[in-house]
Amino acid sequence: MTVTDPAARRLTPAPPSGTLIGMPAFPANARAQLDNPQLRSNLRKATGTIRAKRTAHVAEVAEWEDLRLAAEAIKNRTLRHLDTYLMQLEESLQRAGATVHWARDAEEANRIVVGLVRAKGADEVVKVKSMATQEIELNEALEEAGIAAWETDLAELIVQLGHDRPSHILVPAIHRNRSEVKEIFEREMHQYGTPAPDTLTDEPADLAGAARRHLREKFLRAKVAVSGANFAIAETGTLVVVESEGNGRMCLTLPETLISVVGIEKTLPTFADLEVFLRLLPRSSTGERMNPYTSMWTGVTPGDGPQDVHVVLVDNGRTKVLADPEGRPALRCIRCSACLNICPVYERVGGHAYGSVYPGPIGAVLTPQLRGIGSDIDKSLPYASTLCGACFEVCPVRIPIPDMLVHLRHKVADKKRRGRPRLEPTVMAAGSWAFSDHTHLEKVEGLARIAATVMGRTTHLGPLPWPAAPWTNARDLPMPPRESFRAWWKKNRSEEEQ
Amino acid sequence: MSARAEVLGRIGRALADVTTVDPVADVPVGWQYGRPTPMPDVLTQFAERTADYKATVRRVPAADVPATIAELLTGAGVSSVVVPSGLEAAWRAAVEGAGVVVHGDEPPLSHEELNRIDGVVTAAAVGVAETGTIVLDHGPDQGRRALTLVPDTHLVVVTASQVVSDVPEAVVRLGVAGGSNPLTWISGPSATSDIELSRVEGVHGPRTLLVVLAE
């Protein structure tokens with residue numbers, strides 16, 4: 001009997017083994033990533049470039065802050081009346097000739113897409129870059145059903161061919177530099193279609209050319225495409241995809257069937273609202289005045305593009321986020337990645353440490369809400385931040401990420417405590433007693449001096465015994481002075497001055 | 001229970017704190033839609049910003065459009081083009097006069113046939129000065145979406161009256177005309193920033209974008 005290599009039976013490159021949710025807590029992942037100097041240098045260069053571009057192009061817009069306020073309000077209006085707008089969206093889509101499907105969770109969304117592809121008799125799909133399909137792990141569901149899912153965005157292609165995971169929302173291969181990309185293309189492309197040319201160099205233009213040749217035959221022959229959507233307009237049923245390379249246009253235009261997997265929070269009330277978001281999104285994401293291509297389509301257009309159009313509206317945890325008024329603002333996110341690019345933590349550890357399809361600051365607030373705080377990684381994500389606040393400053397829809405991180409830390413702490421009393425309120429009560437009256441304070445100061453003398457330390461208080469141990473293990477305290485200010489004052493000033 | 005009923009039910013329960021029924025009254029949006037963005041000269045801005053993306057831009061009097069089309073196509077080394085059925089007759093004649101093979105799209109060309117054609121010549125619907133963007137609404141003088149996607153060179157003629165200052169005015173024009181036509185917003189040739197976040201031109205869409213601004 002021959003034992004076949006399980007990888008050899010696959011239609012598309014295998015992703016790394018293990019699940020995201022099974023990853024260790026953030027500090028362990030971060031420590032492992034920090035050991036990789038190549039990663040840090042790739043990230044520093046890339047995020048530095050994009051931050052400079054963003055700053056320059058945002059500065060050109062005099063009314064930037066008003067645009068942010070408008071976007072926040074439009075998204076709040078939509079989310080607070082999401083049922084109304086979703087029913088309107090459904091009606092508009094159906095009127096325009098699209099078929100609307102609803103999915104409670106990832107499993108149901110995948111089942112719907114697999115069913116639609118099978119009904120077409122297709123054994124492959126071409127894909128537009130989509131966070132929603134990453135989140136529901138659609139590619140693996142299709143692979144198990146014997147359908148090959150080809151990623152066509154350049155960065156997604158690098159990730160797929162590299163047997164890798166995305167590490168950034170907008171630029172999933174941000175952790176790879178040009179020479180790594182060249183190596184991946186040379187090793188993998190020929191196994192899945194048109195090979196990389198023998199003369200391939202590590203010039204980005206050359207690498208983009210290799211991707212163009214590799215994917216062209218797939219675009220021309222594909223019968224089914226799968227996309228997400230940046231916006232879905234309730235009033236008209238128009239879906240919008242914002243992209244750069246034209247791979248999105250290929251997928252949205254050439255196949256006979258188009259299936260769009262859309263998170264329910266992507267809805268916008270009116271077509272006019274696009275004037276706000278199309279000014280905010282490109283400047284916030286790639287730091288350009290406008291991205292090269294934006295496609296808008298409304299159901300089926302006779303004689304132009306796919307004549308069989310489906311939209312799958314996905315919940316998958318979004319209604320849980322909606323139910324917490326303090327967590328709700330995370331659903332305003334338009335997936336621009338400005339918060340990743342500005343974050344000092346993300347810049348050092350990269351996206352893989354977050355164990356989530358949504359890395360960086362937005363991932364730290366969105367993922368624990370979508371998945372719940374059951375796993376080690378999800379419990380640790382609200383702490384994956386210094387609370388410096390830069391993410392809020394750059395967020396085009398003004399998500400108060402630092403406030404939400406604190407809110408989620410409370411939730412994690414409450415869950416850990418499970419009703420047991422906490423030390424913190426006791427310490428706070430003691431502090432309150434000490435500061436309420438000067439005689440109390442003098443007693444405490446005296447006690448602190450005695451304790452310090454007994455413990456025999458000179459300049460700093462190091463680790464203290466339990467219950468203060470978890471706090472003082474990572475922090476120093478200066479030694480209380482030999483004499484308190486009050487005592488010094490008494491000794492050195494006359495009666496009148498006192 | 002259907003997934004639709006369940007998801008809508010979850011949303012209803014999640015929004016128990018929302019008591020105002022009218023969305024517009026519940027959350028006011030303090031934004032004035034459709035305003036122009038002030039700039040010294042809309043056409044100059046459009047020409048400069050479009051060229052910023054490494055598109056080739058020519059500003060010419062309307063009468064010179066046919067000659068400019070011929071000159072640009074020859075310069076780009078294009079030997080065959082597809083033209084939409086509603087393209088201005090004088091423009092089509094100019095292409096033919098330049099010795100370029102002209103294909104129509106009736107009956108529709110197959111993907112493979114389109115892939116063998118070098119270029120495409122179209123009109124446009126709207127030009128956006130601030131962002132250097134050209135919007136196609138795929139009317140008869142622009143053709144179905146595949147025509148301006150598969151060939152490697154796109155020559156597009158934008159007339160001065162189509163150019164607006166910024167995105168808000170463009171959205172108003174397209175919304176009024178819109179209906180259910182697909183729309184393609186084009187800002188320069190196809191590009192990517194996926195390798196080390198530096199922009200390189202030329203991936204899947206047309207790698208050469210030639211823009212004629214007719215005044």
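Two strands pair if DSSP finds at least two bridges between them, and the strands themselves are DSSP runs (E, at least two residues), as helices are (H or I, at least four residues), numbered from the N terminus. The model is predicted, so local features need a pLDDT of at least 70 and side-chain atom pairs count only at pLDDT 80 or more, whereas totals for chains, interfaces and linings use all residues. Residues are numbered from 1 along each chain as its sequence is written, and chains are lettered from A and ligands numbered from 1 in the order in which they are written.

**Exercise 1. Find the residue of β9(B) that stands opposite A:Ser295, and place the pair of strands in its sheet.**

Step 1. Within β9(B), the residue opposite A:Ser295 is B:Thr184, and A:Tyr293 has B:Ile186 as its bridge partner in that strand.

Step 2. These residues belong to the pairing of strand β9 (residues 293-298) of chain A with strand β9 (residues 183-186) of chain B, which is antiparallel and runs over 4 bridges.

Step 3. The open sheet has 8 strands with mixed pairing, in the order β8(A)-β5(A)-β6(A)-β9(A)-β9(B)-β6(B)-β5(B)-β8(B). At its edges stand β8 (267-268) of chain A and β8 (163-164) of chain B, and each has a single partner strand, so one side of each is left without a neighbour in the sheet.

**Exercise 2. Describe the contact between the chains by its residues.**

Step 1. Counting residues as in contact if their C-beta atoms, placed from the backbone, lie within 7 Å, one finds 73 residues from chain A and 61 residues from chain B.

Step 2. The side of chain A that touches chain B divides into 38 nonpolar, 19 polar and 16 charged residues, where Ala, Val, Leu, Ile, Met, Phe, Trp, Tyr, Cys and Pro count as nonpolar, Asp, Glu, Lys and Arg as charged, and the others, Gly among them, as polar.

Step 3. For the complex, the predictor gives an ipTM of 0.97 and a pTM of 0.91.

**Exercise 3. Decide whether A:Thr84 is buried, exposed or partly exposed.**

Step 1. A residue is buried if 20 or more other C-beta atoms, placed from the backbone, lie within 10 Å of its own, exposed if 12 or fewer do, and partly exposed in between.

Step 2. A:Thr84, which lies in helix α4 (residues 82-95) of chain A, is partly exposed because 19 other C-beta atoms lie within 10 Å.

Step 3. A:Leu239 is 155 residues from A:Thr84 along the chain, and their C-alpha atoms are separated by 18 Å.

**Exercise 4. Set out the overall dimensions and confidence of chain B.**

Step 1. Chain B contains 7 helices and 12 strands, and its C-alpha atoms fill a box of roughly 70 × 45 × 40 Å along the principal axes.

Step 2. The radius of gyration, taken over C-alpha atoms, is compared with a globule rule of 2.2 Å times the number of residues to the power 0.38; for 215 residues a compact globule would come near 17 Å, but chain B has 21 Å.

Step 3. Of the 215 residues of chain B, 49% are buried. The mean pLDDT, the predictor's confidence in each residue from 0 to 100, is 95 for chain B, with 99% of its residues at 70 or more.

Definitions and conventions
Two residues are in contact if their C-beta atoms, placed from the backbone, lie within 7 Å.
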